[in-house]
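Trainee: I've got a new structure open and I'm not sure how to read it. Could you walk me through it, one feature at a time?

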Amino acid sequence: MRRLIDAHLAGHGASMAQLKLLAFLAEKPRRSTDIAGFFDQAPRTVTQAIDALEQNGLVSRSPVADDRRSKLVQITDVGRATLDQAMPLYDAIVARTFGSLTAEQLEGLDGAIGHLNRLFDGLEKTSDRETKTPPASARQRD
């Protein structure tokens, strides 16, 4: 679905990832660190995305009054116009895709996604514990 949306949005000079970032910035200007945290992305990845959007005139950066090192990223009028044009296209593709499913299929999908989310949560907790606890071989040496 992402590929389909990206292909349709390309005609509007945007991608789904850029659209998400523009929608996030449409709420209010943000610092790069806030953007990286919200999207769970590396700061460098966010900087590259912002650079591309800024180059196309979709966002701008301005200094933060209380922090000389930070910049505030805000959507421009051109970015807002791009968002306004692209969102109906995005919404139509999502509606057409999920609208093709029956109520029973949607319930099944919801159940499957819920199951996978719980599974991933458990795997993350297990992974967190494993990284905090040294392997048995290392503990025996102490």
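Mentor: Happy to. Let's begin with one residue, Thr 97, which lies in helix H5, residues 77-99. Keep in mind that this is a predicted model.

Trainee: Is Thr 97 buried or exposed, or something in between?

Mentor: In between. Thr 97 has a relative accessible area of 30%, so it is partly exposed. The cut-offs are under 20% for buried and over 50% for exposed.

Trainee: What lies across from Thr 97 in space, though distant along the chain?

Mentor: Look at Met 1. It is 96 residues away from Thr 97 along the chain, yet their C-alpha atoms are separated by 8.0 Å. A second pair to look at is Leu 4 and Ile 93: 89 residues apart in sequence, 8.2 Å apart C-alpha to C-alpha. Leu 4 is found in helix H1, residues 2-10, and counts as partly exposed at 42% relative accessibility.

Trainee: Which residue is paired in this way with Gly 57?

Mentor: Asp 77. The two are 20 residues apart in sequence and 8.8 Å apart in space, again C-alpha to C-alpha. Gly 57 sits in the loop between H4 and strand S2 (59-64), and with a relative accessible area of 28% it is partly exposed.

Trainee: Let me step back. How many helices and strands does the chain have?

Mentor: There are 7 helices and 3 strands. Reading from the N terminus, the order is α-α-β-α-α-β-β-α-α-α. Of the 142 residues in the chain, 23% are buried.

Trainee: And how do I read the confidence? What is the mean pLDDT of the chain?

Mentor: pLDDT is the predictor's own confidence in each residue, from 0 to 100. Here the chain mean is 86, and 88% of the residues reach 70 or more. Go by element as well: helix H7 (residues 136-141) has the lowest mean, 53, while strand S1 (residues 30-31) has the highest, 94.

Trainee: Next, the aromatic rings. How many aromatic pairs are there in the whole structure?

Mentor: A search turns up 3. To read a pair, check the distance between ring centres and then the angle between the planes; over 60 degrees counts as edge-to-face. Phe 24 and Phe 39 are edge-to-face, with 5.4 Å centre to centre and 75° between the planes. Phe 24 belongs to helix H2 and Phe 39 to helix H3, so this pair ties together parts that are 15 residues apart in sequence.

Trainee: Which class does the pair Phe 38 and Phe 39 fall into?

Mentor: Their ring centres are 4.9 Å apart and their planes are at 85°, so that pair is edge-to-face. Put together, Phe 24, Phe 38 and Phe 39 form one aromatic cluster.

Trainee: Where do those rings stand on the scale from buried to exposed?

Mentor: Phe 24 is at 6% relative accessibility and counts as buried. Phe 39, at 25%, counts as partly exposed, and Phe 38, at 54%, counts as exposed. One more thing to spot here: Arg 30 lies over the face of Phe 24, at 3.9 Å from the ring centre.

Trainee: What is there to notice about the phi of Asp 40?

Mentor: First the general idea: most residues other than glycine have a negative phi. Asp 40 has a phi near 55°, a positive value in a residue other than glycine. You'll find Asp 40 in the loop between H3 and H4, and its relative accessible area of 69% makes it exposed.

Trainee: Last one, pockets. Which residues lie nearest the centre of the largest pocket?

Mentor: Ala 17, Leu 21, Phe 39, Gln 41 and Ala 49, out of 13 lining residues. Helix H2 (16-27), helix H3 (32-39) and helix H4 (43-55) are the elements that give two or more residues to that lining. The largest share, 5 residues, comes from H4. About 260 Å³ of space lies in this pocket.

Trainee: What classes of residue make up the lining of the largest pocket?

Mentor: By class, the lining has 8 nonpolar, 4 polar and 1 charged residues. As you look at it, find Phe 39 again: one of the residues nearest the pocket centre, and part of the aromatic cluster with Phe 24 and Phe 38.

Terms used
Residues are numbered from 1 along each chain as its sequence is written. This is a predicted model: local features need pLDDT of at least 70, side-chain atom pairs count only at pLDDT 80 or more; totals for chains, interfaces and linings use all residues. Side-chain values use heavy atoms; hydrogens and water are left out. On a 1 Å grid over the protein atoms alone, a cavity is a set of points where a 1.4 Å probe fits but cannot get out, and a pocket is an open set with protein on both sides within 12 Å along at least five of seven lines; lining residues have an atom within 4 Å of a point. Grid points are joined across faces, edges and corners, and a volume is the space filled by probe spheres set on the points. Helices (H or I, at least four residues) and strands (E, at least two) are DSSP runs, numbered from the N terminus. Ala, Val, Leu, Ile, Met, Phe, Trp, Tyr, Cys and Pro count as nonpolar, Asp, Glu, Lys and Arg as charged, and the others, Gly among them, as polar. Rings of Phe, Tyr and Trp (its six-membered ring) pair if their centres lie within 6.5 Å; planes under 30 degrees apart count as stacked, over 60 as edge-to-face and the rest as tilted. Buried means under 20% relative accessible area, exposed over 50%, partly exposed in between (1.4 Å probe, protein chains only). A charge sits over a ring if NZ of Lys or CZ of Arg is within 6 Å of the ring centre and within 35 degrees of the ring normal.
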